Amino acid sequence: MASPIAEEDQDKPLDPEVEKVRRKLVRFVGINLGLLFLALMVVIGALVYKARNAPPVTPPLAGDIQTPAGEPISGDIVLPVGAKVISQSLSGNRVSIDAELADGSRTIFVYDMTERRVIGRFAIRNK
């Protein structure tokens, strides 16, 4: 059961100054919530616009090398004079060649078949 004092406080009208402050606070909260909602709608609209107008992304296939139909791929991989191929490995359109050079050192060459050039050279050394 509610106390009689609490019921009296609820039924009493607010002081005019307090009522004025309460109305300002309610108006302030309403305006801020409206602005927040508007900003949220703008962000969602921008995301939808970007998603609809973005060009489709098609990543190039790893083994996609343009060659005429029915013809084999051919080309030259130039290694230093006196180099001897120890092993090779193929991954997509790149070839890794482990070579022993004329001075006895070993180097790994990475060749890109699409660009038809050596894109990396890594010397193998002992510390």
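## Contacts, salt bridges and a nonpolar core

Among contacts in this chain between residues at least 6 apart in sequence, 16% join residues at least 24 apart; contact here means heavy atoms within 4.5 Å. A quick word on the ground rules: this is a predicted model, where local features need pLDDT of at least 70 and side-chain atom pairs count only at pLDDT 80 or more, while totals for chains, interfaces and linings use all residues. Residues are numbered from 1 along each chain as its sequence is written, and side-chain values use heavy atoms, with hydrogens and water left out.

The chain has two helices and four strands. Reading from the N terminus, the order is α-α-β-β-β-β. Helices (H or I, at least four residues) and strands (E, at least two) are DSSP runs, numbered from the N terminus. Of the 127 residues, 12% are buried. Buried means under 20% relative accessible area, exposed means over 50%, and partly exposed is in between, with a 1.4 Å probe and protein chains only. About 11100 Å² of the chain is exposed, and carbon and sulfur atoms supply 61% of that. Those areas come from the Shrake-Rupley method with a 1.4 Å probe, and for residues only the protein chains shown count as cover.

Now for the charged pairs. Side chains of opposite charge can pair when their charged atoms come close. The structure holds five salt bridges, each being a side-chain nitrogen of Lys or Arg within 4 Å of a carboxyl oxygen of Asp or Glu. The table lists some of them.

| Salt bridge | Closest N and O atoms |
|---|---|
| Glu 19 and Arg 22 | 2.8 Å |
| Arg 23 and Glu 19 | 3.4 Å |
| Asp 98 and Arg 106 | 2.3 Å |

Asp 98 is buried, at 12% relative accessible area, whereas its partner Arg 106 is partly exposed at 33%. Salt bridges with shared partners also tie Glu 19, Arg 22 and Arg 23 into one network. Glu 19 and Arg 22 both sit in helix α2 (residues 16-53), three residues apart, about one turn of the helix. Arg 23 and Glu 19 are about one helical turn apart too, because four residues in helix α2 separate them in position. As for accessibility in this network, Glu 19 is buried at 18%, Arg 22 is partly exposed at 40%, and Arg 23 is exposed at 57%.

There's also a nonpolar surface patch of about 510 Å², made by Leu 25, Phe 28, Val 29, Leu 33 and Leu 36. Patches take residues with over 30% relative accessible area and no salt bridge; like charges are joined within 9 Å, and nonpolar side chains (Val, Leu, Ile, Met, Phe, Trp, Tyr) within 5 Å. Leu 33 belongs to helix α2 and is exposed, with a relative accessible area of 52%.

On to the inside. The largest nonpolar core has seven residues: Val 95, Ile 97, Ala 99, Leu 101, Phe 109, Tyr 111 and Met 113. Strands β2 (94-100) and β3 (106-112) each supply at least two residues of this core, with the largest share, three residues, coming from β2. A nonpolar core is a set of buried Ala, Val, Leu, Ile, Met, Phe, Trp, Tyr and Cys residues joined through side-chain atoms within 4.5 Å. Take Leu 101 from that set: setting aside neighbours within four places in sequence, Leu 101 is in contact with Pro 80, Gly 82, Ala 83, Thr 107, Phe 109 and Arg 121.
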